[in-house]
Every structure is written in structure tokens, then in C-alpha cells.
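Student: I have a protein model open on my screen and I'm not sure how to read it. Can you walk me through it?

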Amino acid sequence: MKRHVAAALALVTSWGVVDSHVDWVQMDGRGLLQVNGHHFDLRGWVAEQALTWQRDCSALPALPANSPTALAVLPVIQQHSLPDSQSARWLQLYQWGAWSVAEVAFETLKPALVVLHWQGGQWRVQDKAVWSGSTAPWHNADFVRRYLRLQAPDLPQVLLHCVPIDPARYGPWPDALGPVALRAEQRP
């Protein structure tokens, strides 16, 4: 067999193999890379990697649990969704001006990221800007940041970009694109 025929045959065969195993699927208005039935949020992973290179979080240290803001914010969160919220305990807290983002754990609820705003002389939970649960099949940090931006559009960008989002608490796999195999009953 001539080399150009063999090369063309190898190229066509390779394309056929890739085409039968790799596909782009649409879910919730966004595309996911599907490889052998496993979904990867390539777009979300790339966005989070780019954000990691662009952001400067040196001016936004985590606040200690005994800081005045922490001591004022925790009781607000504990009273927000009674009775389960009473067991809230700190995981992390960040503040920028009149805004803060707290991550808390509960005895009976999943961990949550809670956006609060200083209004009328007190901290107030922004009801719609609370995230808890898995982000599967989406990349955890990108998905949570997009959700919080939509729910709290006035949240300062530095706060939104610099709050660490733990993949073990919100994502399907630590520091990964996926994979997540979705069964029909798991689809959002």
C-alpha cells in the first residue's frame, strides 16, 4: 500500500474513532465535552484556570473566627433558616467593604457559601445568593461564581473572584474537569 493511501486511511480511521467517542452536548444552555458518556465542563475549567492567573487576592485575607465581622455575621446566618441553621460553624469568611462571603458547615445541612451585605446598620443574608450542594456536571468554582454573580450583581468582583471554592465540598471530583456520568434521573 502506498504511503499517502495509508496516511489517508489512518487519518479517516482516527477521525472515526474520535467521532464515535467524543462529542459536545448541550445542557442548561451550555456545552459539555462528552467522552464515552462522561461529561467534562471544559469551558468552566478553562475559565477558572484563567481567573487563577489573572486575579490578585493579596488584599483580601480570610478573616479569623474571632474578628468583629465574624462575630456579627455568624449569628445572622444561624438565625437565617431555623432550626437547621443554628448549628452553623465557620469554614471561612471574607469581607470587602459592605459585602462579605461566608462559608459555613452545618450538622444536618450541606456546607454553604452565603453572601451578606451591610444594610441599615446590620449584616443581612442575601437570600438568593446562597450556594449549597453539588455543581455536577459543571466545574465547581466557575459554576458557583457565575451563580453568585447572577444572584448578587453588586457583589464586588474581587470578593467573588478571590473566595476559595473547595471542590471537595461542591464539585464531583477534586481539582478536575470531571468526569461525571449522568443517569437520566440525575439530570437537572
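Tutor: Sure! Let's start with one term: a residue is called buried if its relative accessible area is under 20%, exposed if over 50%, and partly exposed in between. Keep in mind that this is a predicted model.

Student: What share of the residues in the chain is buried?

Tutor: Of the 188 residues in the chain, 37% are buried.

Student: And how many helices and strands are there?

Tutor: The chain has six helices and eight strands. If you walk along the sequence, they come in the pattern α-β-β-β-α-α-β-β-β-β-α-α-α-β.

Student: Okay, let's pick one helix. How far apart should the ends of α4 be?

Tutor: You can work that out from the residue count, since a helix is expected to span 1.5 Å times one less than its number of residues. Helix α4 runs over residues 140–151, which is 12 residues, so it should span 16 Å. In the model its end C-alpha atoms are 17 Å apart, and that agrees.

Student: Which residues of α4 are buried?

Tutor: They are Asn-140, Ala-141, Asp-142, Val-144, Arg-145 and Leu-148.

Student: At what angle do α2 and α4 pack?

Tutor: Helix α2, residues 42–54, packs against α4 at about 80 degrees, and the two axes are 7 Å apart. Angles from 65 to 115 degrees count as roughly perpendicular, so α2 is roughly perpendicular to α4.

Student: Which residues meet there?

Tutor: On the α2 side you'll find Gly-44, Ala-47, Glu-48 and Leu-51, and on the α4 side Ala-141, Asp-142 and Arg-145. Sorted by class, this contact has three nonpolar, one polar and three charged residues.

Student: Let's zoom in on Arg-145, then. Is it buried or exposed?

Tutor: Arg-145, in helix α4, has a relative accessible area of 7%. That is under the 20% cut-off, so Arg-145 is buried.

Student: What does Arg-145 touch?

Tutor: Leaving out residues up to four places away in sequence, Arg-145 touches Glu-48, Leu-51, Arg-55, Leu-160, His-161, Cys-162, Val-163 and Ile-165. There's a polar partner too: a polar atom of the Arg-145 side chain lies 3.1 Å from the backbone oxygen of Val-163.

Student: Where is Val-163, and what does it touch?

Tutor: Val-163 sits in the loop between α5 and α6. Being in a loop doesn't settle the matter of accessibility, so check the value: Val-163 has a relative accessible area of 5%, so it is buried. Setting aside residues up to four places away in sequence, Val-163 touches Gln-92, Tyr-94, Val-101, Leu-113 and Arg-145.

Student: What about Pro-164, is it buried or partly exposed?

Tutor: Pro-164 is in the loop between α5 (157–162) and α6 (167–170). With a relative accessible area of 36%, Pro-164 is partly exposed. With residues up to four places away in sequence not counted, Pro-164 touches Gln-92, Tyr-94 and Glu-103.

Student: How far apart are Pro-164 and Glu-103 in sequence and in space?

Tutor: They are 61 residues apart in sequence, and 9.5 Å apart in space from C-alpha to C-alpha. For the whole chain, take the contacts between residues at least 6 apart in sequence: 49% of them join residues at least 24 apart.

Student: Arg-55 was on the Arg-145 list. Where is Arg-55 found?

Tutor: Look in the loop between α2 and α3 (68–78). Arg-55 has a relative accessible area of 28%, so it is partly exposed. Its contacts, not counting residues up to four places away in sequence, are Glu-48, Arg-145, His-161 and Cys-162. A polar atom of the Arg-55 side chain also lies 2.7 Å from the backbone oxygen of His-161.

Student: Could we finish with a residue in a strand?

Tutor: Try His-117, in strand β6 (residues 112–119). His-117 has a relative accessible area of 17%, so it is buried. The side chains of His-117 and Gln-119 are joined by a polar contact of 3.3 Å. Apart from residues up to four places away in sequence, His-117 touches Ala-98, Trp-99, Gln-122, Trp-123, Arg-124 and Gln-126.

Definitions and conventions:
Residues are numbered from 1 along each chain as its sequence is written. This is a predicted model: local features need pLDDT of at least 70, side-chain atom pairs count only at pLDDT 80 or more; totals for chains, interfaces and linings use all residues. Side-chain values use heavy atoms; hydrogens and water are left out. Helices (H or I, at least four residues) and strands (E, at least two) are DSSP runs, numbered from the N terminus. Buried means under 20% relative accessible area, exposed over 50%, partly exposed in between (1.4 Å probe, protein chains only). Axes are lines fitted to C-alpha atoms, for helices over the stretch in contact, and angles run from 0 to 180 degrees between N-to-C directions. Angles under 35 degrees count as roughly parallel, over 145 as roughly antiparallel, 65 to 115 as roughly perpendicular and the rest as oblique. Contact means heavy atoms within 4.5 Å. Ala, Val, Leu, Ile, Met, Phe, Trp, Tyr, Cys and Pro count as nonpolar, Asp, Glu, Lys and Arg as charged, and the others, Gly among them, as polar. A polar contact is a pair of N or O atoms within 3.5 Å; within protein, one must be able to donate a hydrogen and the other to accept it, and residues adjacent in sequence count only if both atoms are side-chain atoms.
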